[in-house]
Amino acid sequence: MPDKDVTLKPRLKTVPKVERPRLYKVILLNDDYTPRDFVVIVLKAVFRIGPETSYRIMMTAHQKGSCVVAVFTRDIAETKAKEATDLAKEAGFPLMFTTEPEE
Ligand code: TYC
């Protein structure tokens with residue numbers, strides 16, 4: 001059949017497009033001044049992470065320079081990163097948490 005005689009049937013079903021919100025990593029950065037114990041306290045308090053995991057995350061940042069703490073929607077990631085960074089600032093430490101979108 002030649003092309004001009006082809007008739008296209010409209011699609012009857014619509015395909016719903018529901019996109020999941022982009023997720024953001026909260027990243028703990030190493031520094032030379034914040035005590036290790038304080039980093040663990042902040043991880044436990046702000047991110048509700050258990051003591052062993054908090055210690056492991058702290059040591060990873062200490063040895064490698066940074067460590068992903070957790071992944072959240074953008075709002076929650078930014079709020080938690082700020083809360084944790086502010087806690088350290090109030091205590092006089094330069095500890096920093098940043099956020100970045102997941103690939
Ligand atoms: N490097 C710090 C020290 O030796 C401890 C530390 C660990 C600080 C992890 C920040 O994200 C950090 N006192």
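This is a guided tour of one protein chain, from its overall outline to a group of aromatic rings.

Before selecting anything, bear in mind that the model is predicted. Start with the whole protein chain shown as a cartoon, where three helices and three strands can be picked out, and where the order read along the sequence is β-α-α-β-α-β. The radius of gyration of the protein chain is 23 Å, whereas the globule rule gives 13 Å for 103 residues, so the chain is more spread out than a compact globule. If you switch to the C-alpha trace and turn it along its principal axes, you will find that it spans about 80 × 25 × 25 Å.

Next, colour the protein chain by burial, which marks 30% of its 103 residues as buried. With the surface displayed, the accessible area amounts to about 7,900 Å², and carbon and sulfur atoms contribute 54% of it. Selecting the charged side chains brings up 17 positive and 15 negative ones, with the centres of the two sets 7 Å apart. Contacts are also worth a look: of those in the protein chain with a separation of 6 or more, 72% are between residues 24 or more positions apart.

Now turn to the aromatic rings, of which the model has three pairs. Select F47 and F72 and show their side chains: the two rings are stacked, at 6.5 Å centre to centre and with 25° between the planes. This pair joins distant parts of the chain, since F47 belongs to helix 1 (residues 36-47) and F72 to strand 2 (residues 66-73), 25 residues apart. Both F47 and F72 are buried.

Keep F47 selected and add F97. Here the ring centres are 5.6 Å apart and the planes meet at 35°, so the pair of F47 and F97 is tilted; an angle under 30 degrees would have counted as stacked. The pair again links distant parts of the chain, with F47 in helix 1 and F97 in strand 3 (residues 96-101), 50 residues apart.

How buried are the two residues of this tilted pair? F47 has a relative accessible area of 9%, and F97 has a relative accessibility of 5%; each of them counts as buried because the cut-off for that class is under 20%.

Finally, display F47, F72 and F97 together, as these three residues form one aromatic cluster. Viewed against the cartoon, the cluster has F47 in helix 1 and F72 in strand 2, with F97 in strand 3.

Conventions: Residues numbered from 1 in each chain as written. Predicted model: local features only at pLDDT ≥ 70, side-chain atom pairs only at ≥ 80, totals over all residues. Heavy atoms only, no water. Phe/Tyr/Trp six-rings, centres within 6.5 Å; stacked < 30°, edge-to-face > 60°. Helix = DSSP H or I, 4+ residues; strand = E, 2+ residues; numbered from the N terminus. Buried < 20%, exposed > 50% of the residue type's maximum accessible area, 1.4 Å probe, protein only. Rg over C-alpha atoms; globule rule 2.2 N^0.38 Å. Contact = heavy atoms within 4.5 Å. Areas by Shrake-Rupley, 256 points an atom, 1.4 Å probe, with all protein chains shown as cover. Lys, Arg positive; Asp, Glu negative; His and termini not counted. Charge placed at Lys NZ, Arg CZ, Asp CG, Glu CD.
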